[in-house]
Amino acid sequence: MLVVADAWMWEGFDQLFDEERALGERAVQKRRRELAAGRHAARAALEQLGYAPAPIARGTHGMPQWPAGACGSITHCKGFAGAVVAHAREVRSLGFDAEQAEPLKPQLIDLILSASERAALGPQPRRTDWGKVAFSCKEAFYKAYYPHARQVIDFLQVHIELTSGADAGEFRIELVDDAVPSAAGLRRFEGRWLCDGDRVYSACAVL
Ligand SMILES: CC(C)(COP(=O)(O)OP(=O)(O)OC[C@H]1O[C@@H](n2cnc3c(N)ncnc32)[C@H](O)[C@@H]1OP(=O)(O)O)[C@@H](O)C(=O)NCCC(=O)NCCS
């Protein structure tokens, strides 16, 4: 289930549960708006799965605490916030990410993609670049990965393969550093990406 935040959700900081508002108490207005948009979108998505409204607390390293029996993921960037949720009996975890479509800053590329990953890339996507797509896909993967391993990992500890596509495609990620624990017994994961010209969106599910 996907819910994209409406205007009221961005404005709805005061309508959050007390413990959610506490997460943004010392935050600047921009952070309060995205916190509200993400939490309201997630709650609306959970309601569509049959969950009564309840606070979505923050766990370790920023991970949202989903209600028992559910999993999900939240993302926000300029002009967009949304959440995806699913029943945990169907999906073990989800990762969702949205980024502005403008190309990744050149100085970041070496931190995001290894030389071998870069060498395997096909022609650039039409409305963004591979750097930004890879960044988004690795972040979406990380959000699905973290709830299992509870470990922060680096972009270069995984290897990504991105299928060539003008505006959308698939990705495969493998944990290539032996020091990185597997997630749910898995070391290979899959997901999809899409660019609408304004933003790159990516999603990953651990099944
Ligand atoms: C967590 C992280 C991925 C968020 O990405 P981002 O583009 O900065 O921001 P987004 O808006 O897309 O996502 C933020 C949301 O991610 C979720 N999130 C944060 N930490 C998380 C974690 N450890 N696990 C799962 N979800 C997490 C939260 O819901 C957060 O929103 P909230 O604070 O309003 O609840 C990023 O900040 C980060 O810490 N990255 C470092 C690790 C990493 O990406 N490694 C790459 C490994 S391949």
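What follows is a friendly conversation about a predicted model.

User: I am new to this structure. How do you know that C71 is in no disulfide?

Analyst: Remember first that the model is predicted. A search of the whole structure finds zero disulfides. For C71, the nearest cysteine sulfur belongs to C204 and is 11 Å away. A disulfide needs two cysteine sulfur atoms within 2.5 Å, so C71 is in none.

User: And what makes C137 a cysteine that is in no disulfide?

Analyst: The reasoning is similar. The nearest cysteine sulfur is again that of C204, now 8.9 Å from C137. The cut-off is 2.5 Å, so C137 is in no disulfide either.

User: Why is C71 called buried?

Analyst: Its relative accessibility is 6%. Buried means under 20%, so C71 counts as buried. C137 has a relative accessible area of 0%, and by that cut-off C137 is therefore buried as well.

User: Let's turn to the core. What makes a group of residues the largest nonpolar core here?

Analyst: The members must be buried nonpolar residues joined through side-chain atoms within 4.5 Å. The largest such set has 28 residues. F141, Y145, L162, F171 and L175 have the most contacts inside it. Five elements give two or more residues each: α6 (130–149), β5 (158–162), β6 (168–175), β7 (188–195) and β8 (199–206). The largest share, nine residues, comes from α6.

User: Which residues does L162 touch, leaving aside its neighbours within four places in sequence?

Analyst: L162 is in contact with L121, W130, V133, A134, C137, E170, F171 and W193. Apart from this core lies another one of 17 residues, including A70, I74, A81 and V85.

User: There is also a ligand. How do you know which residues surround it?

Analyst: A residue is included if one of its heavy atoms lies within 4 Å of the ligand. There are 21 residues around the ligand, and the closest are R31, R39, T75, H76 and E139.

User: What makes the approach of R31 to the ligand a polar contact?

Analyst: A polar side-chain atom of R31 is 2.7 Å from a ligand oxygen. The cut-off for a pair of N or O atoms is 3.5 Å, so this pair is a polar contact. For E139, a polar side-chain atom also lies 2.7 Å from an oxygen atom of the ligand. For K143, an N or O atom of the side chain is 2.8 Å from a ligand oxygen. On its own, the ligand has 920 Å² of accessible area, and the protein covers 82% of that.

User: How do you know whether E34 is buried or exposed?

Analyst: E34 lies in helix α3 (residues 29–48). Its relative accessible area is 14%. That value is under 20%, so E34 is buried. Beyond its neighbours within four places in sequence, E34 is in contact with W10 and H76.

User: Why is R150 called partly exposed?

Analyst: R150 sits in the loop between α6 and β5. Its relative accessibility is 46%. Partly exposed covers values between 20% and 50%, so R150 fits that class. R150 also has a positive phi of about 50°, although it is not a glycine.

User: What makes a positive phi worth pointing out?

Analyst: Most residues other than glycine have a negative phi. A184 has a positive one too, near 50°. A184 lies in the loop between β6 and β7. At 33% relative accessible area, A184 is partly exposed.

User: Why is E190 called exposed?

Analyst: Exposed means over 50%. E190, found in strand β7, has 54% relative accessibility, so it counts as exposed. Its C-alpha atom is 4.6 Å from that of R172, 18 residues apart along the chain. Leaving aside neighbours within four places in sequence, E190 is in contact with F171, R172, C204 and A205.

User: Last one: how do you know whether D129 is buried or exposed?

Analyst: D129 is in the loop between α5 (115–119) and α6. Its relative accessible area is 14%, and under 20% means buried, so D129 is buried. Outside its neighbours within four places in sequence, D129 is in contact with P103, L104 and Q124. A polar atom of the D129 side chain also lies 2.9 Å from the backbone nitrogen of K132.

Definitions and conventions. Residues are numbered from 1 along each chain as its sequence is written. This is a predicted model: local features need pLDDT of at least 70, side-chain atom pairs count only at pLDDT 80 or more; totals for chains, interfaces and linings use all residues. Side-chain values use heavy atoms; hydrogens and water are left out. Buried means under 20% relative accessible area, exposed over 50%, partly exposed in between (1.4 Å probe, protein chains only). Helices (H or I, at least four residues) and strands (E, at least two) are DSSP runs, numbered from the N terminus. Contact means heavy atoms within 4.5 Å. A polar contact is a pair of N or O atoms within 3.5 Å; within protein, one must be able to donate a hydrogen and the other to accept it, and residues adjacent in sequence count only if both atoms are side-chain atoms. Accessible areas come from the Shrake-Rupley method with a 1.4 Å probe; for residues, only the protein chains shown count as cover.
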